[in-house]
Each structure stands twice: as C-alpha cells, then as structure tokens.
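Me: I am new to this structure and would like a close look at a single part, the contact between the chains. Please begin with the charged pairs there and then go on to the surroundings.

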Amino acid sequence: MSNDVYLNRFALALGEGECSVRTSWEAGRTRTDVETFESSGFSRHRMAAEGTTSYDLAYRAVQGLDEIPRDATTLVYATALPLNANMGDPGDFEQSRDIKDLSDFPASRLQAEFDLDRASVVGLTQQACTAMLGAIRLARALLLAEPRQESILCVTADRFPAGALYEQAYSLVSDGASACVVSRFPAGYRILACHAITIGALAHASEDEMAGSHFSFSHRIITETLELAGLSIRELDWIVPQNTTPRVWQILARALGFPLDRVVRETVADVGHVISSDNLVNLAALEASGRVRPGERLLLFMASFGMNWQGLVLEKV
Amino acid sequence: MRTLITGAGGYLGGLIARRLVHDLEQPVHLWIHADSEEQAEVKIARLRPEFAGREELVTWGWGALEADAPFGRVQVGDIGAIVHTAAIYRFNVTEDVAQRVNVEGTRKVMELAARCPGLDHVSLLSSFYASGLRAGLIAEAPLEPGDCEGFTNPYERSKARSEDEVRARPDLPWNIYRAGLVIADDPGGHVTQFNAFHQTLRLFHGGHLSVMPGDPASRLYLVTGAFVARAVVDLLRSRSTHRIVNVVHGPEHGIPLDAVLDLVYETFLQDPDFRRRHLPRPIWTDLEGFDLLVEGLSGFGSPLVRKAFDSVASFARQMFVHKVAVNANLLAALPGYEAEDQAELVRRTCLYLVKSRFGRDEVAPGAISG
C-alpha cells in the first residue's frame, strides 16, 4: 500500500450576503472602526442569510464538489464553533430535558442526504479555525492506518450565531464552509506533511496575547511543518495562509526569508477570515489565477483559539 | 563647601547623593524637581529618612528646570561642586520637552556653575547612548554633531545636545560622565527604576511581543545603578576636569542581544506560569518589519499594549547599531575596577522581575538567589 495521500478536490460555500466594513460597523457587528479595518486590508465580508444554517453551508460546499464522493469511507465534519455541531434547538432541550435534543448531529444528516452509505462519521469541534487542517490531518492518518479506508470527505462549516460580532482577533469574519476529498488516488495535491501544536495554557489568552504571540508561534509551526516534509523554506513555492491583515505577512515573510509575492493574500479584502475555510478559499484563488504549477510545494497554516496551530504541506500533482 | 546634586530625588541622583553622604560624609545640597513648595515639601519629607543620622550634611533646594531661574534660591557661595543628574530619562519623551528640560536645563546649570565662586568642578551625568546611531568605537571624546548619524529618540539627541551645552563653556571646570543602560540597582538584580529594557521584557513575558527588532550580534552595554554611582563618586574625587568618561564596561563585557534573549528566556522558563504557556523566543525582525507591526497596531490592541510597543519602538533602531565602548578614562580613574558579570546581571534581573511580577510585589534586595 502506498504511503501517498492526496487532497483530490475541494469546493467552497460562502454566506449569501455581502456586507461592507462600513455596513457591519454601522450595524454594530464590529468593534474596530471602519478606517482601521480598511487600512488593514479588509473591505467586505460575507454573512449567511437569515434562516441559513451552518449545515446549509456545509451541504452547499459538498454539492459544489465536481463529483460527490459516494464511495467515501469516512466523513469528517469539523466546526470551529461547537454550537454548529448540533442542529437541535436548545429551546427544545429546555422543554424536554432530553439530551437527544442536543445530539442532532449535522454529520449524520449530511451522510444521509448525500447517500454516503459506506461512510462512518467523525466530528471535530475543538480545534477552532484550524479545524479543516485538523480534518485533513485526521483523514490522512486514517488512510495510512486503515486499509479499508479509500476516500474521506472532509467538511467544515460555520456561521456565527445571531447577534455575534463578526470580528475575531482583529480580523473581519465571514460565514462559510468548505469541503474536500482526501484519498490515495493520485490527483490534486500530494500531502507531504501535517503538523499541529496545542498550547492549552493559552486557551484563555486575550486578543492582545494572541496577536502578540502570533509571530513566534507561526514561525514555529511553519518551520516545524517544513521539517516534517523534509523541505527548507527555499524549496517552498507558495504559502496559503489564514486570512489576517496582510500586514502580518509583510513581517512574517521577512522573518522566514520567503518572498511576499508568493503568499496568497488577495482574498482578504473581499471575504476576510472565513473561519476554518481560509486555506481552501485561498487555494481556490491561487488555482483560479493559474499561477500554481505541477511539482510546486504549498504550505497551508492556521492559528486559532485553544490555542491551536496547524500546518500542512502539499505538492501539486 | 557643598556638592550640589540636581535631580537628587531621582534614581541615579539619589544613589550618588547617598554615597557621598553616607560613605564619604560629604556635605551636599540636594536639589529636587518640584513645581511648588507644597510638592517640594512632600518629596523632601519622603527623601529625608534616607539621610537619617547624617542630617547635618544635607541641605535641600527645589525647582523646575523649565522655569526661568530654577536655581535662584541656591546659595552659590557654598557650592564647591555640581553634579547635574536632573533630566527626563524616558526614551519616548517628546522633542520639545527633551529640549526644554534636558538641553536648556543643562545650560541653566552651567550658568549657575559660572556664578559659583568656589566651584571646583561641574559634572554632567550623560548617557552612553548620547552617541545616537553612531557605530564602531565610541570614544571618550566630544560627540561632534557632524559625526553623528542621527539618534534613535529625542532622549538620545537631548543628551548629546546637553553635552554640547557643557562643552560650550571651556571657562568652567566641567566633566561629562556617560552611563550605560542601567538595568538593576546592584548585581543582585533588584530593580527600583523601570525603563524600556524592563518594559520590553514584560512584553515578552506576557506573550505580547513575539518579534524583536535588532541585529542578534549587536552588543548592549548594561550597568547597575550601584556601579554608576560608585564610578561617578570616584570620578568626582579624582578632581580632573574637561574629561569625558564612558561609565560602561568594555566591549569584551558588552553582551550580544542574542545572548540577552537566551538568558531572558532561560530565566523566564523557571517561572511555572511562563513555562506552561510554552511561549517561543521572539523572532528577529528588521526595522521595516517592526515599524510595520507598530503601524499595524495603531488601531488595534489595548492602549496598554500600544503604549508598550511605542516604548520598544523608541529604541528599536539602536538595536541594529554595533557599538564598541572605549572606557580607558574610567579604568584610569577607578582603582580596583572590576567589570560586572553581564550574563549574571541579566539573569538575576530577570529572576527579580519574575519574582516581583515586574515590580507589582515587594521583593527584598538580596532575595534573588540561584
């Protein structure tokens, strides 16, 4: 059995509504003022329409795949917000006091709706915005560990609850979902390395502490992920990052010795931080630009609450 | 005859005053900064116990360097020496305030010196970093304006211009003593006076700063308050004039920035709370990168963090400058000179900072061990 695992294909689904920074500021959805956000590179973000659930976004993301993976042997369903991993109405629970009303899992629904009859499900709910990279890491590990695994569908979907601020750690946030297929079939991107760090003692870090430690931890996860892939920074062609203010990359790229024009940053203005879908949003933009070539290596990485950091190195097939 | 010490209520001025009074039993006139008689009385009442048992050696004066005649009440006939330590030492002081207090204040001190009939010498406590962005050998010689390649902050510039004010009076018996960066009271690491060095370490410890502007190989010239006070008092006793002295340890003792960070993180790791957070060492950044960070923070972050970053930004350019300290005049004037162990000083200072939670808790002097 080959040890090679591939991220074959992926799709996105963003919240239907597009809002400017000003609109959201005026609606009280952000704390940071319009000028500061705009000068930091954020212009617009996406919000799910009233009535659209995170599950709806997940459904649309899977539907957007070129081909529904009916033969999937596992479905990994990841949410950044634990509340998006239950479709039950908490109000029903208050009436019934039956925890069944807290156990209406979107993964099971998705498996049923797409007739993924062979797939068992796994829920990932405690990796925050790194959850999609965590799902891919888990999928790769399953494929390497269990011969019966053939194709794994990874999904991440989040929408913020009504009344939530659409701003986290100085980033403007969008509702959105993404889906990808990980398998042994050699197409798309070969997965060269996955890596994760959790520092639980920082789980209650303030936004200032998160922002303050961002650079050294980002440097660490990137360096360690590359080491796992047996690559130096010079052998890397693209960084496909989390959507934060592009200024972060002006600093981090210098510290890493990596060319800034090879950091995919162009989606920040239009969609901001799409929770755990940032990497695939940026990968889609890179593909759409026609700039990524076979044989090129890409590093995807995310940082989030928990505190969690995850990295992934891919090679375009 | 008395030694007049300006800024005697300040950190270094106070150390020098206590050494003169307690160790040498010299009469002093302690001039403290105050804007009013009431303020002066409060400050003097607070300082007086430090001279218990030696009250007969101490007289008090007060004023504000920005005032037209700050030394109007000084009995010039009693003054045999002046040590001018009064200044604003904050790196992020504004140009205007630095000019009025540090530069024009020094001019007023020199005018006072000219009126003292029995003056033996007038000494300015300057800074090694009055050399600004000048790299290479920092001689114990005048800083000619044309030689300087600029300054990191208004404080440095004001100290260089203060030296100009002193040297502009060749008719007076002046001396200039340039102190290194004071990071602790003594080799035990106790800190009374917190400055940008400690502020930066606090940011590291709190996980608020994970980039460090600077060249890892550039050297810091660190000293203790005790060393500066002892050196200045010994220099005063040597009675030389028109002498410039770098009150720093030589280049063989200057400690590379990279080694400082190693020591800081090794020491912080002894703190269980810090260790649990697994905070990595900061990554190095060039000046442009750091400026981008500070600019990027302008609308984000808490006011406290922004203020702390501004503090680091106020000396960031200095961290790229390779200076080689000359201290031959110091060595010649200090019999039995021994350099302080810089690594041990950094380590003990960090231990104190951790143990005292950066000055929030009391830690007795000498309590840092290990």
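Reply: Between chain B and chain A, two salt bridges are counted; a salt bridge here is a side-chain nitrogen of Lys or Arg within 4 Å of a carboxyl oxygen of Asp or Glu. The model is predicted, and local features therefore need pLDDT of at least 70, while side-chain atom pairs count only at pLDDT 80 or more and totals for chains, interfaces and linings use all residues. Residues are numbered from 1 along each chain as its sequence is written, chains are lettered from A and ligands numbered from 1 in the order in which they are written, and side-chain values use heavy atoms, leaving out hydrogens and water.

Side chains of opposite charge can pair when their charged atoms come close. At this interface, B:Asp286 forms a salt bridge with A:Arg254, with the closest N and O atoms 2.7 Å apart. B:Asp286 sits in the loop between E14 and H9 of chain B and A:Arg254 in helix H8 (residues 247-256) of chain A, so the pair joins two chains. Helices (H or I, at least four residues) and strands (E, at least two) are DSSP runs, numbered from the N terminus. B:Asp286 has a relative accessible area of 31% and is partly exposed; A:Arg254, with 34%, is partly exposed. For these classes, buried means under 20% relative accessible area, exposed over 50%, and partly exposed in between (1.4 Å probe, protein chains only).

The interface also holds five residue pairs in polar contact, both residues at pLDDT 80 or more. A polar contact is a pair of N or O atoms within 3.5 Å; within protein, one must be able to donate a hydrogen and the other to accept it, and residues adjacent in sequence count only if both atoms are side-chain atoms. On the side of chain B that touches chain A, the elements giving two or more residues are helix H8 (272-277), strand E14 (283-285) and helix H9 (287-296) of chain B. H9(B) gives the largest share of that side, six residues. By residue type, that side of chain B has eleven nonpolar, eleven polar and six charged residues. In this scheme Ala, Val, Leu, Ile, Met, Phe, Trp, Tyr, Cys and Pro count as nonpolar, Asp, Glu, Lys and Arg as charged, and the others, Gly among them, as polar.

As for its extent, the contact takes 28 residues from chain B and 25 residues from chain A, where contact means heavy atoms within 4.5 Å. Chain B and chain A bury about 2100 Å² between them, 66% of it on carbon and sulfur atoms. That buried area is the accessible area (1.4 Å probe) that two parts lose on being put together, summed over both.

Beyond the interface, the whole structure has 32 salt bridges over all chains. One of them is between A:Glu296 and A:Arg262, with the closest N and O atoms 3.7 Å apart. A:Glu296 lies in the loop between helix H10 (278-289) and strand E12 (297-304) of chain A and A:Arg262 in the loop between H8 and helix H9 (268-271) of chain A, so this pair ties together parts that are 34 residues apart in sequence. A:Glu296 is buried at 13%, whereas A:Arg262 is partly exposed at 28%. In chain A there is also a network of salt bridges linking A:Asp4, A:Arg190, A:Arg297 and A:Glu315.

Aromatic pairs can be listed in the same manner: a search of the whole structure finds 18 of them over all chains. The rings of B:Phe204 and B:Tyr265 have their centres 6.0 Å apart and their planes at 55 degrees, so the pair is tilted. B:Phe204 is in helix H5 (residues 196-205) of chain B and B:Tyr265 in helix H7 (residues 257-268) of chain B, so the pair ties together parts that are 61 residues apart in sequence. Rings of Phe, Tyr and Trp (its six-membered ring) pair if their centres lie within 6.5 Å; planes under 30 degrees apart count as stacked, over 60 as edge-to-face and the rest as tilted. B:Phe204 is buried at 2% relative accessibility, and B:Tyr265 is buried at 6%. Both rings belong to one aromatic cluster, formed by B:Phe204, B:Tyr265, B:Phe268, B:Phe274 and B:Phe358.
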